[in-house]
Amino acid sequence: MISLGVILLIVGLLVQNLSILVTIGAILIVVGLILNLVPIGGSRRRVW
């Protein structure tokens with residue numbers, strides 16, 4: 001997701017008329033970083 005965001009960001013910056021790609025790319029980068037940094041399902045190991 002982060003790599004797709006970077007690609008969209010670069011394409012949006014190269015083509016001056018596509019500012020929506022810059023916005024979508026930045027959102028994808030932020031969401032990708034959040035999903036990588038926040039553990040899903042908790043970080044504690046449950047021992048039964």
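**Two helices and their faces**

Okay, let me start on the outside of helix H1: the face turned away from its buried side carries Leu13 and Leu14, and both of those are exposed. Before I go on, keep in mind that this is a predicted model.

So what's the overall picture? We have a protein chain with 2 helices and 0 strands. The chain has 48 residues, and 17% of them count as buried. Its accessible surface comes to about 4100 Å², with 71% of that belonging to carbon and sulfur atoms.

Back to H1, then. Which residues of H1 are buried? They're Gly5, Leu8 and Gly12. Those residues cover an arc of only 65° around the axis, so they end up on the same side of H1. And what covers them? Helix H2, residues 19–37, is included in that cover.

A quick check on the geometry of H1 while we're here. It has 13 residues, and at 1.5 Å a residue they should span 18 Å; the end C-alpha atoms are 18 Å apart, which agrees.

One residue I'd like to pick out is isoleucine 10, which you'll find in H1, residues 2–14. Is it buried or exposed? Somewhere in between: its relative accessible area is 45%, so isoleucine 10 counts as partly exposed. Now, Ile10 also belongs to a nonpolar patch on the surface, along with Val6, Ile7, Val11, Leu14, Val15 and Leu18. Together, the patch residues have about 580 Å² of accessible area. You'll recognise Leu14 there, which I mentioned at the start as exposed on the face of H1 turned away from the buried side.

Let's move over to H2. The same length check works here: 19 residues at 1.5 Å each should span 27 Å, and the end C-alpha atoms of H2 are 27 Å apart, which agrees.

Where do the buried positions of H2 fall? The list is Leu21, Gly25, Leu28, Ile29 and Gly32. They cover an arc of only 105° around the axis, which puts them on the same side of H2. What do they pack against? The buried residues of H2 pack against H1. Over on the other side of H2, Ser19, Ile20 and Leu37 are exposed.

So if you have the model up on your screen, try looking at the two helices together. The buried residues of H2 pack against H1, and H2 is part of what covers the buried residues of H1. That's it from me.

Notes:
Residues are numbered from 1 along each chain as its sequence is written. This is a predicted model: local features need pLDDT of at least 70, side-chain atom pairs count only at pLDDT 80 or more; totals for chains, interfaces and linings use all residues. Side-chain values use heavy atoms; hydrogens and water are left out. Helices (H or I, at least four residues) and strands (E, at least two) are DSSP runs, numbered from the N terminus. Buried means under 20% relative accessible area, exposed over 50%, partly exposed in between (1.4 Å probe, protein chains only). Accessible areas come from the Shrake-Rupley method with a 1.4 Å probe; for residues, only the protein chains shown count as cover. Patches are made of residues with over 30% relative accessible area and no salt bridge: like charges are joined within 9 Å, nonpolar side chains (Val, Leu, Ile, Met, Phe, Trp, Tyr) within 5 Å. A salt bridge is a side-chain nitrogen of Lys or Arg within 4 Å of a carboxyl oxygen of Asp or Glu. The expected span of a helix is 1.5 Å times one less than its number of residues. The arc is that of the directions from the helix axis to the C-beta atoms. Contact means heavy atoms within 4.5 Å.
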